[in-house]
Amino acid sequence: MSPAFSEQQSDALLETINISFGLAASLIGDMLETYVNLQIPSITTIPIYKLHETILSQTENAEAFYATKQRFFGSFGGEVIFAFSEKSASEFTHLLLKDEKVSDEDIQVALLELTNILTASCIGQLSQMLEGESLFAVPDIQKITRTGASTFHKALEYDNAIVITTALDVEEKNIQGHMFILLSNAMLENLIIMLKKMFP
Amino acid sequence: MIDATLLINALHVGVVVVDEELNVYTWNRWMGIHTGIPREKALNTPLCTLFELNEERIKTLKRRIRTTLKLGSPTFTIASAEGYLLPIPLPLSNRVNFDFMQQDVTIAPCDTTRVMLLIYDQTPLMESRKRESLKAIELSHMVENANKTIEKLKAAEALLVKQRDVIFRQANYDHLTGLPNRHLFQDRLNHAFKEASRNNTPLALLFLDLDNFKRINDVLGHSIGDEVLVKAARFLKEATRDSDTLVRFGGDEFLVLLKDSDEADALHVANKILKLFKPIMEFEKHSLHLSPSIGIAVYPAHAKNPEELIQKADIALYTAKTRGKNQASVFAE
């Protein structure tokens, strides 16, 4: 588990994110018109300089992957990155459009809708826990090749990334998504203080 | 207190408030200007009546509104992925790459049943990206074409090298026997002479022709004659070292240049050649008596320059012929 959190704090964070994923699963189910289960996520924290290599390894070292980026501001501020391998991205879009042939544009639109749900539910829940609120910037999505992935080094204004990995169980498909919440040291400290208050 | 309606109408952003059934509750001035639909007409009218929206788009839009309301948090669509949410036609004069306004749209919850669509015109940005992308495509085509041209040039260069080799071979080698010809021999002889002179080493030349070859050619034809020449060349190769130079000098005449060799070495090679020519040989059912005559001259004993060496070997060949053929003769003053 994460070195930044004690075991109790990690459990509390996991529980909080699990709750938010419950709402997200119901909305994704509505989107796909089928029952969806979001697996209990695994959570770790990494220093920001390991972001690039972690994203590459999490996306199965694929030649290219899709990444959405969205900043959020306010009492809980940072940036969320979602990474999906091409395989997972295509499978999700097939399910949404119920079509075997999907374009790159279709995939980007589908992933944006999916990450909208996951970001809003997860960050919303964490903001609530911190007794504040967050404003979201317009997200961005890109298809990134392995060599282009070094652009994530630009996220240097942050110090840490909480890595949340989950999978969407739907129609016998296992669609993996990787969420990276980039936070400054101060913001991570706030989160830890709040977790300590909740679970002394 | 500022009037909210005034504020909404002053914004350079489209503001539309709708419910889950897409009924319009707010329609700001920006929307009226860009869609050409006046506020009075838009209010209380479903979006699908105001715009041409297909079933899939209506379904997606309703779902997004539902998601926003359930999350209680804004959701987004972006021009770079989706192009536009509402098909707002661009003025004809503004249509370069797009027919409809490219939009970033924030769908934000207003209350429990309605959301606010905030529409940002991203057409100039997307036009600029499209131009960059077209330039990149054009550049990549140029690079592709340049690479193809380079490949063609490389292939042409390889062909030229091949043709140059063919021309060199045709100019310097005998096509029948594959031996160097007179032209190449002259060059090698000059070179060998310089080397022998510099190192103070001897140089021997064997001048050889086939006895009675003219008769074989005349009686049995050129095809047999050619076969005889090829066989003779093979014997010469067999009897000499790789470092020696063999030449078809013309007709049935051959030269063998032996570097660093004196009279005794030359006689040794000549005898090896004579032994390889058996008394009777078979050529296409013809049994032939084939033999060579060989004249030998040596530098520096018999000649001071290449021309003289050839001349003296030729004289020695004549001597071998007059002495009864099928033998070697060393030049004598």
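How many residues does helix α11 (residues 263-276) of chain B have, and how far does it reach from its first C-alpha to its last? Keep that in mind as you look around this predicted model; the tour starts right there.

**Stop 1: helix α11 of chain B**

Select residues 263-276 of chain B. Helix α11(B) has 14 residues and spans 20 Å between its first and last C-alpha, close to the 20 Å expected at 1.5 Å a residue. Now show side chains and pick out B:Ala266, B:Val269, B:Ala270 and B:Ile273, the buried residues of this helix. They cover an arc of only 100° around the axis, which puts them on the same side of α11(B). The spacing fits a simple rule: an α-helix has 3.6 residues a turn, so residues three or four places apart point the same way.

Turn the helix over, and on the face away from the buried side you will find the exposed residues B:Ala264, B:His268 and B:Lys275.

What do the buried residues of α11(B) pack against? Add β6 (203-210), α10 (222-239), β8 (253-259), β11 (292-299) and β12 (328-330) of chain B to your selection, and you have their partners.

**Stop 2: chain B as a whole**

Zoom out to all of chain B, where there are 12 helices and 12 strands. Of its 333 residues, 31% count as buried. If you like contact maps, take the chain B contacts between residues at least 6 apart in sequence: 55% of them join residues at least 24 apart.

**Stop 3: strand β8 of chain A**

Move to chain A and select residues 173-183. In this strand, β8(A), 8 of the 11 residues are buried, so it is largely enclosed by the rest of the structure.

Next, add its neighbours. Strand β7 (residues 160-170) of chain A runs antiparallel to β8(A), joined by 11 bridges; along this pairing, A:Val163 stands opposite A:Phe180. The hairpin of these two strands has 2 residues between them, and there A:Glu171 takes a positive phi near 45°.

Strand β4 (residues 78-85) of chain A also pairs with β8(A) in the antiparallel sense, over 5 bridges. Look for A:Val80, whose bridge partner in β8(A) is A:Ile181.

**Stop 4: where the chains meet**

Finally, show both chains. Their contact takes 17 residues from chain A and 14 residues from chain B. On the chain A side, select α1 (7-32), α4 (104-129) and β6 (140-145), the elements that give two or more residues. Helix α4(A) gives the most, with 9 residues. Colour this side by residue type and you will see 10 nonpolar, 4 polar and 3 charged residues.

Definitions and conventions. Residues numbered from 1 in each chain as written. Chains lettered and ligands numbered in written order. Predicted model: local features only at pLDDT ≥ 70, side-chain atom pairs only at ≥ 80, totals over all residues. Contact = placed C-beta atoms within 7 Å. Helix = DSSP H or I, 4+ residues; strand = E, 2+ residues; numbered from the N terminus. Nonpolar A, V, L, I, M, F, W, Y, C, P; charged D, E, K, R; others polar. Buried ≥ 20, exposed ≤ 12 C-beta atoms within 10 Å, placed from the backbone. Pairing = 2+ DSSP bridges. Expected span 1.5 Å × (residues − 1). Arc of directions from axis to C-beta.
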